[in-house]
Amino acid sequence: SGEAIAAGGAPAAAIAAILVAESDGQIVGVWAALTAVHLDGLWVHPDYRGSKIAGRLLKGMKDLLRTLGIRVSFTMVSDPQVMILAYKAGFTRYPGDLLVLQLPEEN
């Protein structure tokens, strides 16, 4: 939120763009576009499900994120079984709903 940005300081310009609305020299609105790391496409061949492949991929992804200096990432889960695995892997659920804004292509 705008108050959170104001309290915690603005994110780095390399990962964010911030719009500000002003009235009479006072900031009256803020909206940020932030770059986020989305983890997607985890797949294990059916013959190897139940093995340690998913765990090895999880460890490898955590190591990769640390190497890249990425502390926060997200994924979307719709399968209840995958949700259980995500919780066991250390993911936490955030409140709210994910909404997507898809702009039409300009010609």
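Which strands each supply at least two residues of the nonpolar patch? They are strand 1, covering 16-23, and strand 2, covering 26-34. Keep in mind that this is a predicted model.

The patch itself sits on the surface and is made of I18, V20, I27 and V30. Taken together, these four side chains offer about 300 Å² of accessible area. Take I18 as an example: you'll find I18 in strand 1. Its relative accessibility is 32%, so I18 counts as partly exposed, a class that lies between the under 20% of buried residues and the over 50% of exposed ones.

Now for the chain as a whole. There are 3 helices and 2 strands, and reading along the sequence gives you the pattern α-β-β-α-α. Here are the overall values:

| Property of the protein chain | Value |
|---|---|
| Residues that count as buried | 6% of 107 residues |
| Contacts (separation of 6 or more) from residues 24 or more positions apart | 33% of contacts |
| Exposed area | about 9900 Å² |
| Share of exposed area from carbon and sulfur atoms | 58% |

Finally, have a look at both ends of helix 3, which spans residues 80-88. At the N-terminal end, D79 acts as the cap. One of the side-chain oxygens of D79 lies 2.7 Å from the backbone nitrogen of Q81. What follows helix 3? That's G90, which has a positive phi, near 105°.

Methods
Residues numbered from 1 in each chain as written. Predicted model: local features only at pLDDT ≥ 70, side-chain atom pairs only at ≥ 80, totals over all residues. Heavy atoms only, no water. Patch = residues over 30% accessible without salt bridge, like charges linked within 9 Å, V, L, I, M, F, W, Y side chains within 5 Å. Areas by Shrake-Rupley, 256 points an atom, 1.4 Å probe, with all protein chains shown as cover. Helix = DSSP H or I, 4+ residues; strand = E, 2+ residues; numbered from the N terminus. Buried < 20%, exposed > 50% of the residue type's maximum accessible area, 1.4 Å probe, protein only. Contact = heavy atoms within 4.5 Å. Polar contact = N/O pair within 3.5 Å; in protein donor to acceptor, adjacent residues only side chain to side chain.
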